[in-house]
Every structure is written in C-alpha cells, then in structure tokens.
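Q: Please take a close look at one helix of this model and at the loops on either side of it. I would like a connected account that a bench biochemist can follow with the structure on screen.

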Amino acid sequence: LGVVITITVMLGISKLNPTTAISVILISQLICAALIDAFGLFGAEKIAFNFKNYLGIALMISGIIVFKLANR
C-alpha cells in the first residue's frame, strides 16, 4: 500500500502543481480519518460528525478551488 501511495503522490504532483496536489492529499486524509471516526471503523470509537466538521471540510475544498482558479 505504501508503494501505491508513493506512486500516486508522485503522479499527482507531476500532473498538478505541488501545492494543489499536497492540498488534495491532506484533505483526502482528513476526510478518510473523519469517516473512520464517524463510523467507528477498524475498532475506533465512534465520534459524532457535527456541523463544524462539515464546515471545515467545505472550507478546505473551497480553498483549493479558489487557489486553483487564481493560478490559471
């Protein structure tokens, strides 16, 4: 799995600019962690997903969109 992650990171950075690629990777990791917490996957304790969590993810995604549009 580490090899797959490393290859996809390298391909993402080569296709996108490094800032956008790393931002997308970080947001993807945060969303996966939030889903693991929300559903209690892998034996994790369930943690409720509230409005602030949704708002934070929306702000991060909108930040990437604004950054990408500004750098055209």
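A: Within α2, the residues Thr20, Ala21, Ile27 and Ala34 are buried. They lie on the same side of α2, because the arc they cover around the axis is only 155°. The model is a predicted one, and every value below is computed from it.

The helix itself comes next. α2 runs over residues 18-39 and has 22 residues. From its first C-alpha to its last, α2 reaches 32 Å, which is close to the 32 Å expected at 1.5 Å a residue.

At the start of α2, Pro18 belongs to the helix. Its relative accessible area is 45%, so Pro18 is classed as partly exposed, since exposed residues must be over 50% and buried ones under 20%. Pro18 is 31 residues from Phe49 along the chain, and their C-alpha atoms are separated by 30 Å.

Asn17 is found in the loop that joins α1 (2-15) to α2. With a relative accessibility of 27%, Asn17 also counts as partly exposed. Between Asn17 and Ile31 there are 21 Å in space, C-alpha to C-alpha, for a separation of 14 residues in sequence.

On the other side of the helix, the loop between α2 and α3 (51-70) holds Leu41, and Phe42 and Gly43 lie in that loop as well. Leu41 is partly exposed, its relative accessible area being 38%. Phe42, by contrast, is exposed, with a relative accessible area of 76%. Gly43 likewise counts as exposed, at 76% relative accessibility.

The backbone of Phe42 deserves a separate remark. Its phi is near 60°, a positive value in a residue other than glycine. As for Gly43, its C-alpha atom is separated by 33 Å from that of Ile13, and the two residues are 30 apart along the chain.

The end of the helix and the loop share a surface feature. Leu35, Phe39, Leu41 and Phe42 together make a nonpolar surface patch of about 470 Å². Residues enter such a patch only with over 30% relative accessible area; Leu41, at 38%, is partly exposed, and Phe42, at 76%, is exposed. The patch thus includes Leu41 and Phe42, whereas Thr20, Ala21, Ile27 and Ala34 are the residues of α2 described above as buried.

An aromatic contact can be examined next. A search of the whole structure finds 1 aromatic pair. Phe49 and Tyr54 form this pair, with 4.7 Å from centre to centre and 85° between the planes, an edge-to-face arrangement. The angle is assigned in this way because planes over 60 degrees apart count as edge-to-face. Phe49 is partly exposed, at 26% relative accessibility.

Finally, Ala58 offers a reference point in helix α3. Ala58 counts as partly exposed, its relative accessibility being 42%. Ala58 and Gly12 are 46 residues apart in sequence, and 21 Å lie between them in space, C-alpha to C-alpha.

Key
Residues numbered from 1 in each chain as written. Predicted model: local features only at pLDDT ≥ 70, side-chain atom pairs only at ≥ 80, totals over all residues. Heavy atoms only, no water. Phe/Tyr/Trp six-rings, centres within 6.5 Å; stacked < 30°, edge-to-face > 60°. Buried < 20%, exposed > 50% of the residue type's maximum accessible area, 1.4 Å probe, protein only. Patch = residues over 30% accessible without salt bridge, like charges linked within 9 Å, V, L, I, M, F, W, Y side chains within 5 Å. Areas by Shrake-Rupley, 256 points an atom, 1.4 Å probe, with all protein chains shown as cover. Salt bridge = Lys/Arg side-chain N within 4 Å of Asp/Glu carboxyl O. Helix = DSSP H or I, 4+ residues; strand = E, 2+ residues; numbered from the N terminus. Expected span 1.5 Å × (residues − 1). Arc of directions from axis to C-beta.
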